[in-house]
Amino acid sequence: MSDDEIYMHRCLQLAKLGEYYVAPNPMVGAVLVQDGRIIGEGWHHRFGGPHAEVEAFRSVDRTRYPRCADAVLYVSLEPCSHYGKTPPCVNLILQEGVRRVVVGCLDPNPCVSGRGVSILREAGVEVVVGVLEAQCRSLNRRFLCLHEKHRPYVVLKWAQTADGYMGYTPGQITERGQRLQISNPVTKQIVHKMRAENMAIMVGTNTALQDNPRLLTTHWSGRNPVRVVLDRHGRLPLESQLFSDDAPTLVYRENTDWRFILQDLASRQIHSVMVEGGRTLLQTIIDTGIYDEVHVEVAPFCVGEGIKAPAVALPLLPGRNIDGNLLYEWTHTAAC
């Protein structure tokens, strides 16, 4: 691993620290290196706050390094070149006199989109782009999806039994006096972590009526996602827990077309949506081919009857064993 890759790896570590608080902004980390030593580092802590480059420069001991002209700046995403909630980072870089900048990947946001790199190069700064680019893009795949595909990044998630059932029917629930319990305490916590990683969480009408969920991040740190429910026939009562004050809720009634919903969520700057069910909604989305990740939890028991899980082939590779349940995770090349 080269020196540039080592320091870019540190940028990625720092960027990850802002994971649950910066959306819809990207996660970004920055490191200042002089004479083989890190003299400053920072990351974007939360939406609306200072960018990673600003935090890195602020962390420098100015009694030893009054200016950073001899330092190399490493940053996981192209420095911004526009006025938003904060001033352009390229201005600060030029003010500090930095002569070499190493960038992980370009920022596809139309307000930046290569302009940050161009401004620096026109000012005589050496700029290297593409160090650990795949890792940098993977970290911000949700943000990149919004600006490159103009839709949210879509994560599908459900739990099922070993024989492919994801729940009891209403009649079975009445007969048995309980719902089918598939997840264990650890996998439930993982689900809450996934909710914190995505800006929105979606369920269909049947799931909302039968489970009356709150869809919060109760068992994980981070912000609660925007709750999205499809209610084409207006069956969801106002007393539903989905309308609690814990998080905003969007209800789609007149138009529940998947492409329309994605377009509307994108217009609200929602860069990711996690779909937790139910079966009809998940299968509809799978049939469109417009989704990006799938997470399936499989319990080690059979029930023989109930609501069938979506029809999708599990990967041939073994799943992660989480307290007896297997967790399968894979990416999907979306139709658009």
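1. Phe-260 in this predicted model is partly exposed, at 31% relative accessibility. That value lies between the 20% bound for buried and the 50% bound for exposed, so the intermediate label applies. The ring of Phe-260 pairs with that of Tyr-252. The geometry is edge-to-face, with 6.3 Å centre to centre and 90° between the planes. Tyr-252 is buried, at 7% relative accessible area. The pair therefore joins a buried ring to a partly exposed one.

2. How many aromatic pairs does the whole structure hold? The search finds 3. Another of them is Tyr-20 with Trp-220. Their ring centres are 6.4 Å apart and their planes meet at 75°. Pairing requires centres within 6.5 Å, and edge-to-face requires planes over 60 degrees apart, so this pair meets both cut-offs.

3. Where do Tyr-20 and Trp-220 sit along the chain? Tyr-20 is in the loop between helix H1 (3-16) and strand E1 (29-34). Trp-220 is in the loop between helix H9 (205-211) and strand E9 (226-230). The two are 200 residues apart, and the pair links distant parts of the chain. Tyr-20 has a relative accessible area of 14%, so Tyr-20 counts as buried under the 20% limit. Trp-220 is partly exposed, at 28%.

4. Tyr-165 has a charge over its ring. The partner is Lys-308. Its charged end lies 4.6 Å from the ring centre of Tyr-165.

5. His-147 belongs to helix H6 (residues 141-148). Is His-147 buried or exposed? His-147 counts as buried, because its relative accessibility of 16% is under the 20% limit. Which residues touch His-147, leaving aside neighbours within four places in sequence? The contacts are Pro-108, Asn-109, Pro-110 and Gln-269.

6. Now the internal space. A search of the whole structure finds 1 cavity of 30 Å³ or more. The volume of the largest cavity is about 30 Å³. Helix H8 (residues 185-197) gives the most to its lining, with 4 residues. The full lining is Lys-157, Thr-187, Ile-190, Val-191, Met-194, Glu-297 and Leu-327.

7. What is the chemical make-up of that lining? The residues of the lining of the largest cavity divide into 4 nonpolar, 1 polar and 2 charged. Lys-157 and Glu-297 are the charged ones, because Lys and Glu both fall in that class. Thr-187 is the polar one, because Thr is in neither the nonpolar nor the charged class.

Note on methods. Residues numbered from 1 in each chain as written. Predicted model: local features only at pLDDT ≥ 70, side-chain atom pairs only at ≥ 80, totals over all residues. Heavy atoms only, no water. 1 Å grid on protein atoms, 1.4 Å probe; cavity = no way out; pocket = protein on both sides within 12 Å on 5 of 7 lines; lining within 4 Å. Points joined across faces, edges and corners; volume = space filled by probe spheres on them. Phe/Tyr/Trp six-rings, centres within 6.5 Å; stacked < 30°, edge-to-face > 60°. Buried < 20%, exposed > 50% of the residue type's maximum accessible area, 1.4 Å probe, protein only. Lys NZ or Arg CZ within 6 Å of the ring centre and 35° of its normal. Contact = heavy atoms within 4.5 Å.
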